[in-house]
Amino acid sequence: MAKARSGKRPQNPAQGNNRSLSSTTSGTMRESEDGEITIFLSYARADDKVYKMVRHFKELLIHFVHAKSGRKVKAFFDQDDLRWGDIWENELETRILGASVFIPMLSASYLDSENCRWEFNRFHSNASALGVRELILPVLLLNAPAIFNRNSDDELVRDAAARQWEVIEDAVLSDPGTSAWKVTMAHLADRFVDSYAAAEARLATLDGADLQPVKPANEAGDHHASDDADGDGDLDDDGPVLAELMESIQNNVNRVTSIASSLTPTVQQLGEAARQSNQGSRPQTPQQLQAWSRRAAGAFEEPANALASQGEEMLNVTKALDVDMRRVRQLTKSLLPETAYARGYNELIAPLQGMGTVRDQLTSLLDSLKPAEVISVPLRKALRPARNGVTRVTDSLDLMESWQPIDLDG
């Protein structure tokens with residue numbers, strides 16, 4: 001599942017439009033005055049190149065949602081509409097407040113796409129902050145229980161499972177216009193209408209008292225941004241205090257920087273094990289190869305598991321941070337002068353602006369592990385936790401890159 005990234009996502013979507021795997025929307029991503037609902041379709045182009053189904057999916061969904069609810073739908077994706085660079089990430093909260101629906105079209109290719117993962121994690125964080133996870137409606141292109149299951153090592157998969165994805169394999173494997181497509185999309189439209197109604201009711205009553213700090217895993221009863229799978233969004237009835245949010249952010253920034261520091265010796269230990277596995281004479285017989293690969297796998301096991309654990313903790317804390325960042329923005333814009341808010345925000349994120357070296361370390365690590373991974377199954381198995389850990393850390397870094405300092409001179 002976890003593969004090296006094919007490219008780095010731009011720090012600000014407006015800085016680059018060359019996305020190899022993506023989907024987009026435009027406009028305000030909210031209901032228009034005539035009640036039109038907007039949808040964000042997130043998919044891997046590698047899938048659409050083979051299945052050629054995203055346009056058909058879009059057209060049928062628009063029709064069936066209108067037929068079952070009387071509401072018009074505008075679904076955007078990048079083959080027809082504006083590119084991702086035309087969407088400003090700092091408008092995401094506003095768009096979710098407008099009850100836009102996010103439909104990730106899940107697959108192995110989706111999980112391998114850095115851009116798709118960023119889209120999912122960003123929308124999930126914002127929807128979590130507002131307590132409207134109903135606005136996330138995941139679909140699974142092919143039934144793949146080996147990859148997509150509730151016990152997956154991938155947090156994105158578990159978050160999607162909590163929303164109970166809809167499997168559309170029968171439609172994907174059928175030709176456009178068949179009954180399989182129509183039945184599948186009629187069922188999905190029913191789910192869409194119910195989810196949208198629940199989110200709309202929630203957003204209609206939303207105010208500042210609903211914006212609570214979210215604790216990362218192993219704090220506050222093991223609650224983190226992936227919890228509350230029922231999507232009701234009820235975190236605390238007492239209402240938030242801005243000081244508590246700021247304290248939560250500061251504590252989590254400290255935790256993230258501490259975890260990032262702890263990654264360095266783990267990466268070095270893995271790199272040393274990889275170098276040792278490539279030195280010396282190669283085994284000449286199958287028996288020698290088996291004995292050697294088991295010894296090498298044993299050397300990788302401890303640091304690989306450590307990297308998996310560190311990556312999971314880092315992602316949980318970063319997701320909680322991302323939610324709290326959204327909430328602070330929502331609260332402080334109405335409470336503090338813009339310059340005071342900007343300075344406070346910039347001070348909070350300053351310690352995280354130097355995380356690029358972590359990505360460089362991980363890229364170098366992945367390159368050093370490749371020769372060992374092709375040698376034997378025991379080695380690949382021993383290194384799998386390390387690759388899972390790299391994916392988690394990379395997802396964390398992608399979220400952090402969206403926390404750009406505010407230009408006080410602009």
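**View 1. The two sides of helix 12 (residues 356-373) in a predicted model.** Thr 357 and Asp 360 are exposed (over 50% relative accessible area, 1.4 Å probe, protein chains only; buried means under 20%, partly exposed in between). They lie on the other side of helix 12 from its buried residues, which include Leu 362, Leu 365, Leu 366 and Leu 369. Seen down the helix axis, the buried residues fall within an arc of 120 degrees, so they line one face; the arc is that of the directions from the axis to the C-beta atoms. An α-helix has 3.6 residues a turn, so residues three or four places apart point the same way.

Residues are numbered from 1 along each chain as its sequence is written. In this predicted model, local features need pLDDT of at least 70, side-chain atom pairs count only at pLDDT 80 or more, totals for chains, interfaces and linings use all residues, and side-chain values use heavy atoms, with hydrogens and water left out.

**View 2. Helix 2 (residues 54-69) and the glycine that follows.** Helices are DSSP runs (H or I, at least four residues), numbered from the N terminus. The end C-alpha atoms of helix 2 are 22 Å apart, in agreement with the 22 Å expected for 16 residues (1.5 Å times one less than the number of residues). Among its buried residues are His 56, Phe 57 and Lys 58. Gly 70 comes after helix 2 and has a positive phi, near 80 degrees.

**View 3. Thr 266 in helix 9 (residues 242-277).** Thr 266 is buried, with a relative accessible area of 6%. Its side chain reaches the backbone oxygen of Ser 262 at 3.3 Å. Leaving out residues up to four places away in sequence, Thr 266 touches (heavy atoms within 4.5 Å) Pro 303, Ala 306, Leu 307 and Gln 310.

How values were computed:
A polar contact is a pair of N or O atoms within 3.5 Å; within protein, one must be able to donate a hydrogen and the other to accept it, and residues adjacent in sequence count only if both atoms are side-chain atoms.
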